[in-house]
Amino acid sequence: MRCIFGIVLFLAAFASNSVGADPPPDDGKLRIIVFGAHPDDAEYKTGGTAAKWAKLGHHVKLVSVTNGDIGHWQMAGGPLAKRRAAESAAVAKKLGVTSQVLDIHDGELVPSLENRRTITRLIREWKADIVISHRPWDYHPDHRYVGVLVQDAAFMVTVPFICPDTPHLTKNPVFLFSSDGFQKPYPFQPDIAVSVDDVFQQKLDAIHELTSQIYEGGASGSEEFVRRIPPASDDAGRRAYLKDLWIDRQSREATRGRAALAQWYGEERGKAVKYAETFEICEYGRRPSPDEIRKLFPFFD
Ligand SMILES: [Zn+2]
């Protein structure tokens with residue numbers, strides 16, 4: 001009897017095509033889902049804005065589409081995937097958001113029908129108002145294909161008879177790209193710029209958890225790289241190293257997004273922003289009006 005019950009439970013689990021964690025409650029708050037290729041990308045690109053949304057009670061989910069299992073110079077496979085999922089979860093906890101790492105091999109993501117369905121289901125399950133991903137032009141094939149997969153889902157999420165096991169969205173989300181520095185076929189356009197000055201330290205405290213990447217260099221690291229970084233015993237030294245890196249990175253993003261900062265915050269306040277995260281509006285989802293952008297990014301006033 002117990003055995004039959006077990007089989008029924010197994011079959012029930014197998015029949016469900018649910019791919020995500022529990023969706024947030026329908027409480028009228030915003031619902032944001034961010035796709036990065038590896039268990040650090042969504043965190044780096046949107047960690048500050050995610051923390052700001054979370055502080056206001058909005059629901060943010062960071063998804064790594066691959067498990068990051070080749071993202072280190074010294075270790076790989078299952079142990080690295082587990083380590084990186086734990087790092088991603090630790091970041092999410094500090095940002096006040098949810099995270100999920102899909103079990104797809106790092107470096108092997110392809111824009112397959114199966115993966116398009118997975119992304120479609122994840123967006124639907126989260127009932128997303130905003131979907132963020134890489135642009136499909138990027139140095140890393142996994143980044144490019146996350147961009148392609150999310151664009152491929154950008155209309156499908158509203159189509160009832162694809163993945164009919166997961167209720168379709170009646171309102172297409174706004175799709176955004178996270179920032180990058182690539183110039184071809186056209187440079188990233190910062191349409192929306194968010195000041196992360198007020199959460200900069202929180203973002204640093206969160207991404208500090210990405211030890212395998214930040215302090216060991218990930219796939220591009222080496223013994224020599226690690227020798228140049230303060231050791232794990234020097235926590236303050238590591239945090240200072242991280243802060244220097246991110247002051248540079250996030251202030252460059254503010255400089256590049258200065259016109260958008262002025263547009264959204266006003267000339268005076270826009271000029272004063274030190275650190276920013278910026279986003280480009282993708283043509284394929286809902287096209288938001290400036291008023292709607294202010295509702296989706298309730299930080300400007
Ligand atoms: Zn990546």
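**Zinc site, cores and sheet**

User: Starting with the histidines: are H38 and H143 buried or exposed?
Analyst: Both H38 and H143 are buried. Bear in mind that this is a predicted model.

User: What coordinates the zinc ion?
Analyst: The donors are ND1 of H38, OD atoms of D41, listed twice, and NE2 of H143. Their distances to the zinc ion run from 2.1 to 2.7 Å.

User: And what are the angles among the four donor atoms?
Analyst: They range from 53 to 143 degrees, and the site is irregular. For four donors to count as tetrahedral, every angle would have to lie between 85 and 135 degrees.

User: How are the donor residues spaced in sequence?
Analyst: The pattern is H-x2-D-x101-H. H38 sits in the loop between β1 (31-36) and α2 (41-55), while H143 belongs to helix α5 (residues 141-156), so this pair ties together parts 105 residues apart in sequence.

User: Switching to the sheet. What is the strand order?
Analyst: It is an open sheet of seven strands with mixed pairing, ordered β3-β2-β1-β4-β5-β7-β6.

User: Which strands stand at the edges?
Analyst: β3 (98-101) and β6 (192-195) do. Each has a single partner strand, so one side of each has no neighbour in the sheet. On average, and ignoring direction, neighbouring strands are turned by 25 degrees against each other.

User: How does β1 join β4?
Analyst: The two run parallel and are joined by three bridges, with β4 covering residues 130-133. I33 has V131 in β4 as its bridge partner.

User: Which strands does α5 touch?
Analyst: α5 packs on the sheet against β1, β4 and β5, and its direction makes about 155 degrees with that of β4. Helix α4 (residues 113-126) lies across β1, β2 (59-64), β3, β4 and β5 (174-178), running at about 155 degrees to β1.

User: Now the interior. How many residues has the largest nonpolar core?
Analyst: It has 50, and W53, L176, I192 and F297 have the most contacts inside it. α2 gives the most to this core, with six residues.

User: What is F297 in contact with?
Analyst: Not counting neighbours within four places in sequence, F297 is in contact with T49, W53, I130, L176, I192, V194 and F279.

User: And the second, separate core: which residues does it include?
Analyst: That core has 24 residues, among them V65, L109, L122 and F175.

Methods: Residues are numbered from 1 along each chain as its sequence is written. This is a predicted model: local features need pLDDT of at least 70, side-chain atom pairs count only at pLDDT 80 or more; totals for chains, interfaces and linings use all residues. Side-chain values use heavy atoms; hydrogens and water are left out. Donors are N, O and S atoms within 2.8 Å of the metal (3.2 Å for Na, K and Ca); water is not among the atoms, so sites may look incomplete. Four donors count as tetrahedral if all angles lie between 85 and 135 degrees; four count as square planar and six as octahedral if opposite donors are over 155 degrees apart and all others between 65 and 115; anything else is irregular. Helices (H or I, at least four residues) and strands (E, at least two) are DSSP runs, numbered from the N terminus. Buried means under 20% relative accessible area, exposed over 50%, partly exposed in between (1.4 Å probe, protein chains only). A nonpolar core is a set of buried Ala, Val, Leu, Ile, Met, Phe, Trp, Tyr and Cys residues joined through side-chain atoms within 4.5 Å. Contact means heavy atoms within 4.5 Å. Two strands pair if DSSP finds at least two bridges between them. Axes are lines fitted to C-alpha atoms, for helices over the stretch in contact, and angles run from 0 to 180 degrees between N-to-C directions.
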